[in-house]
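These are my notebook entries on a structure that I looked up residue by residue. I began with the surface and then turned to the interior.

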Amino acid sequence: MLNFKTPVLDAIRLDSLVSPGAGIYFTRQLEMIMPEILRMELPDIEFASFIPTPASRIHPGAQTYTQRMYESFGLAQWISNYADDIPMADVGGKEETFKIKAFGIGYQYTFEDILAGQMAAQSGQPGINLSTEKAAACRRASDEFLENVAWLGDESVGIHGLLNYPSIPRVTMTTAWVAASDPEDVLAELTTIIEEHVTRTRGKSRPSDIVLSAPTYGYFATAKLSNSTTTLLQFFLATNPYIKRVRPSYVMEASGIGGADQMLIYTPDPMTMRLEVPMPFRQFPAQQKNFAYEVLTMTKTGGIVCPYPLKLTLVEMV
């Protein structure tokens, strides 16, 4: 019998390192799998932090809802004895109707997915709860959709967003918030815009909050007044009689009509402005379809409702 074993083949096969009875290891057996599971980091869903979203009083079955507002009018005048032309006061009203729209997303998993998960668990391999992970991905997609609706709405279905809501006053900042600008000029113009906001509503709106883009906030928080260690933001919060809180939001970046950053001046009061969600995220029972299981979800929203748009100001930055 011919023996083809040679020193060269012996070196290639590592026969000299394998003794009778020694274990044979495959590549996958020598692979270390980290026990923790990493997840892609995604931007925060911000609408709930800036836009009031109270529990809706609208029935989930409604397709529209109407907001009524009453207004009194009349002008008193001087009168004389036996006057027969005394002016009369009266009450008028107007109605505004908003649409309610449903949106949804679903996920599925198969019978083979279930078996694979069971096998991984029995073999001691780190695994994931497939249905839980897919449900979380589904909820994230739904929240992202609602985030876009809250800020930008969708004209194709008649849903308004906050940043393009009709009737909210808009002004343009003429002083750039950059290092080359004079902080005193920035402060003076911002103060004037806020005073005009209060005057426009005859004092009915005294805004408490400002929302800025992150770059604009960065300038506000680091620029210092002349011959001082006090930042512009510190001085502004200490001296302005109305604004109590200034916060950054990535949503405000490039959100203006001309692609510029925006600033929102307002009070986060649900009676002034709110996001209507008659049906929060709802997940329905799994439905078997052949060898797969489908889970459907639904959310209903009316978008932004703003009965008092004059109580908000959108400022487009330069």
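I first looked up Ile-86 in this predicted model. Its relative accessible area is 44%. Because buried requires under 20% and exposed over 50%, I entered Ile-86 as partly exposed. I then located Ile-86 in the loop between strand 1 (64–73) and strand 2 (90–99). Together with Ile-79 and Met-88, Ile-86 makes a nonpolar surface patch of about 340 Å².

I next noted the totals for the protein. The accessible surface comes to about 20,800 Å², and carbon and sulfur atoms hold 56% of that area. Of the 318 residues, 33% count as buried. I listed seven helices and 15 strands. Among contacts with a separation of 6 or more, 74% join residues 24 or more positions apart.

I then turned to the interior. The largest nonpolar core has 29 residues, and those touching the most other members are Ile-51, Trp-151, Leu-162, Leu-264, Met-273, Leu-275 and Leu-312. Two or more residues each are given to this core by helix 2 (47–50), helix 4 (130–152), strand 9 (262–266) and strand 14 (303–305). Helix 4 supplies the largest share, three residues.

Which residues does Ile-51 contact, leaving aside its neighbours within four places in sequence? I found Ala-150, Trp-151, Leu-162, Met-273, Arg-274, Leu-275 and Ile-304.

I closed with a second, separate core of 22 residues, which includes Val-186, Leu-190, Ala-223 and Ile-243.

Terms used
Residues are numbered from 1 along each chain as its sequence is written. This is a predicted model: local features need pLDDT of at least 70, side-chain atom pairs count only at pLDDT 80 or more; totals for chains, interfaces and linings use all residues. Side-chain values use heavy atoms; hydrogens and water are left out. Helices (H or I, at least four residues) and strands (E, at least two) are DSSP runs, numbered from the N terminus. Buried means under 20% relative accessible area, exposed over 50%, partly exposed in between (1.4 Å probe, protein chains only). Contact means heavy atoms within 4.5 Å. Accessible areas come from the Shrake-Rupley method with a 1.4 Å probe; for residues, only the protein chains shown count as cover. Patches are made of residues with over 30% relative accessible area and no salt bridge: like charges are joined within 9 Å, nonpolar side chains (Val, Leu, Ile, Met, Phe, Trp, Tyr) within 5 Å. A salt bridge is a side-chain nitrogen of Lys or Arg within 4 Å of a carboxyl oxygen of Asp or Glu. A nonpolar core is a set of buried Ala, Val, Leu, Ile, Met, Phe, Trp, Tyr and Cys residues joined through side-chain atoms within 4.5 Å.
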